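Q: I'm new to this one and would like a close look at a single part of it. Could you take me through it slowly, starting from one residue and working outwards?

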Amino acid sequence: MMLRGMLKDRNLSVSTTASRLGMSLTNLSLKLNGHRDFTEKDKDDILRLLGFSYDETLVKMLFEDDYED
């Protein structure tokens, strides 16, 4: 998943990311593995953590499995 790569590029572990987002490691792991959906707030918070403003195309690229260019 592209999101994991972007977190890794910024030296953000899943544990650190969960902590910065104020969610449990288990909850974030479930979302990253597709067992739970990211909320719109989650998406916005993750984009800000990565240094981006909210953008629909970027959201689709990072959070939708079936995204095609």
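Which residues does T17 touch, not counting residues up to four places away in sequence?

A: Happy to. One thing up front: this is a predicted model, so keep that in mind as we go.

Leaving out residues up to four places away in sequence, T17 touches L7, L12, L28 and L49. T17 itself sits in helix α2. Its relative accessible area is just 1%, and because anything under 20% counts as buried, T17 is buried.

Now step back to the helix around it. T17 is one of the residues α2 uses to meet α3: on the α2 side there are V14, S15, T17, A18 and L21, and on the α3 side L25, L28, S29 and L32. So how do the two helices lie against each other? Generally, two packed helices are described by the angle between their axes and the distance between the axes. For α2 and α3, the angle is about 110 degrees and the axes are 9 Å apart. That angle makes α2 roughly perpendicular to α3. The crossing of α2 past α3 is right-handed. As for what kinds of residues make up this contact, six are nonpolar, three are polar and none is charged.

L25 shows us the α3 side of that meeting. L25 belongs to helix α3, and with its neighbours within four places in sequence set aside, L25 is in contact with V14, S15 and A18. Unlike T17, which is buried, L25 is partly exposed, with a relative accessible area of 42%. To get a sense of spacing, take L25 and L7: they are 18 residues apart along the chain, and their C-alpha atoms are separated by 14 Å.

L28, which T17 touches, also leads us into the interior. L28 is among the residues with the most contacts inside the largest nonpolar core, alongside L3, F38, I46, L50, L62 and F63. That core has 17 residues in total. The helices giving two or more residues to it are α1 (2–9), α2 (14–21), α3 (25–32), α4 (40–50) and α5 (56–63). The biggest giver is α5, with four residues.

Follow L50 and you get another view of this core. Setting aside its neighbours within four places in sequence, L50 is in contact with L3, M6, L7, R10 and L62. L7 is a residue we have met already, since T17 touches it too.

L50 also takes part in a second helix pairing, where K43, I46, L47 and L50 of α4 meet L58, V59, L62 and F63 of α5. Here the packing angle is about 95 degrees, with the axes 11 Å apart. That is why α4 and α5 are roughly perpendicular to each other. This contact has seven nonpolar residues, no polar ones and one charged one.

K43 is worth a stop of its own. K43 is in helix α4, and K43 is buried, with a relative accessible area of 11%. Apart from its neighbours within four places in sequence, K43 is in contact with F38, V59 and F63. Finally, K43 can be placed relative to S15, one of the α2 residues in the contact with α3: the C-alpha atoms of K43 and S15 are separated by 17 Å, and the two residues are 28 apart along the chain.

Technical notes: Residues are numbered from 1 along each chain as its sequence is written. This is a predicted model: local features need pLDDT of at least 70, side-chain atom pairs count only at pLDDT 80 or more; totals for chains, interfaces and linings use all residues. Side-chain values use heavy atoms; hydrogens and water are left out. A nonpolar core is a set of buried Ala, Val, Leu, Ile, Met, Phe, Trp, Tyr and Cys residues joined through side-chain atoms within 4.5 Å. Buried means under 20% relative accessible area, exposed over 50%, partly exposed in between (1.4 Å probe, protein chains only). Contact means heavy atoms within 4.5 Å. Axes are lines fitted to C-alpha atoms, for helices over the stretch in contact, and angles run from 0 to 180 degrees between N-to-C directions. Angles under 35 degrees count as roughly parallel, over 145 as roughly antiparallel, 65 to 115 as roughly perpendicular and the rest as oblique. A crossing is left-handed if the near helix is turned anticlockwise from the far one by less than a right angle, and right-handed if clockwise. Ala, Val, Leu, Ile, Met, Phe, Trp, Tyr, Cys and Pro count as nonpolar, Asp, Glu, Lys and Arg as charged, and the others, Gly among them, as polar.
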